[in-house]
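Welcome to a short tour. Keep your viewer open and a selection tool ready, and we will go from stop to stop.

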Amino acid sequence: MRGLTRNLKMSYDPDNDILWLRDGCPSDGSSLLEEVPFATIEMRDEESREAVGVEISGFSTYIPLRRPDYYEPTDTLTFGTGRETATLIAENGDLVAYWRPDEFAPHDLEPFAVDLRNASKHLAPLVAAFPHKK
């Protein structure tokens, strides 16, 4: 597991309400998250399925950080549900990708959820930009 806490970079497009989180490493592919409309993970490579980035459209719906997507005791924001059903969990520091067999190609895996650990730290500038939302 590589530590991402210091290397994870956030960018946000307020006009289109899109959040990008990337660790700066090259990616060799991307995939839509099956459980989250308009969410994509970038992967280091198809074999490891290690998430090196995530893009979330409509991100302002996650602000303020609160349940059910945000779990304050561990400071984790989750995009997607059903993590306990994962057949593969690929950790990369503060990004954790959850995979399961693809419904249409059971020999392959599809991503369905991503955790962002230390969410309040990574997203502090963005959360502060939405003071009107309580």
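On this tour, two residues touch when they have heavy atoms within 4.5 Å of each other. Keep in mind that this is a predicted model.

**Stop 1: Ala 39**

With that in hand, select Ala 39, which lies in strand 4. Display its surroundings and you will find that Ala 39 touches Ser 31, Leu 32, Leu 33, Glu 55 and Ile 56, leaving aside residues up to four places away in sequence. Is Ala 39 buried or exposed? Its relative accessibility is 0%, so Ala 39 counts as buried. Now add Ile 18 to the selection: 21 residues separate Ala 39 and Ile 18 in sequence, and their C-alpha atoms are 9.5 Å apart in space.

**Stop 2: Ile 41 and the core**

Next, pick Ile 41. Which residues does Ile 41 touch, not counting residues up to four places away in sequence? The list is Gly 29, Ser 30, Ser 31, Leu 33, Gly 53, Val 54, Ala 97, Trp 99, Pro 111 and Val 114.

Ile 41 also belongs to the largest nonpolar core, a set of 28 residues. To see the members that touch the most others, select Ile 41 together with Phe 59, Leu 77, Phe 79, Leu 116 and Leu 123. Colouring by strand helps here: at least two residues of this core come from each of strand 2 (18–22), strand 4 (39–43), strand 5 (51–57), strand 7 (76–79), strand 9 (95–101) and strand 10 (109–117).

**Stop 3: the two cis prolines**

Move on to the loop between strand 5 and strand 6 (70–71), where you will find Pro 64. Look at the peptide bond leading from Ile 63 to Pro 64: this bond is cis, with omega near 0 degrees. Pro 68 is in the loop between strand 5 and strand 6 as well. The bond from Arg 67 to Pro 68 is cis too, with omega near 10 degrees.

**Stop 4: two positive phi angles**

Now select Asp 75, in the loop between strand 6 and strand 7. Although Asp 75 is not a glycine, its phi is positive, at about 55 degrees. Asp 75 is buried, with a relative accessible area of 10%.

Then jump to Asn 118, in the loop between strand 10 and helix 1 (119–122). Asn 118 is not a glycine either, and has a positive phi of about 55 degrees. With a relative accessible area of 22%, Asn 118 is partly exposed.

**Stop 5: the whole chain**

Finally, clear the selection and zoom out. How many helices and strands are in the chain? There are two helices and ten strands, and along the sequence they follow the pattern β-β-β-β-β-β-β-β-β-β-α-α. The radius of gyration is 14 Å, close to the 14 Å that the globule rule gives for 134 residues, so the chain is as compact as a globular protein of that length. If you draw a box along the principal axes, the C-alpha atoms fill roughly 45 × 30 × 25 Å.

Of the 134 residues, 42% are buried. Among contacts with a separation of 6 or more, 53% join residues 24 or more positions apart. Switch to a surface view: the chain exposes about 7,400 Å², and carbon and sulfur atoms supply 51% of that area. Colour by charge to close the tour: the chain has 14 positive and 24 negative side chains, with the centres of the two sets 9 Å apart.

Methods: Residues are numbered from 1 along each chain as its sequence is written. This is a predicted model: local features need pLDDT of at least 70, side-chain atom pairs count only at pLDDT 80 or more; totals for chains, interfaces and linings use all residues. Side-chain values use heavy atoms; hydrogens and water are left out. A nonpolar core is a set of buried Ala, Val, Leu, Ile, Met, Phe, Trp, Tyr and Cys residues joined through side-chain atoms within 4.5 Å. Buried means under 20% relative accessible area, exposed over 50%, partly exposed in between (1.4 Å probe, protein chains only). Helices (H or I, at least four residues) and strands (E, at least two) are DSSP runs, numbered from the N terminus. The radius of gyration is taken over C-alpha atoms; the globule rule is 2.2 Å times the number of residues to the power 0.38. Accessible areas come from the Shrake-Rupley method with a 1.4 Å probe; for residues, only the protein chains shown count as cover. Lys and Arg count as positive and Asp and Glu as negative; His and the chain ends are not counted. The place of a charge is taken as NZ of Lys, CZ of Arg, CG of Asp or CD of Glu.
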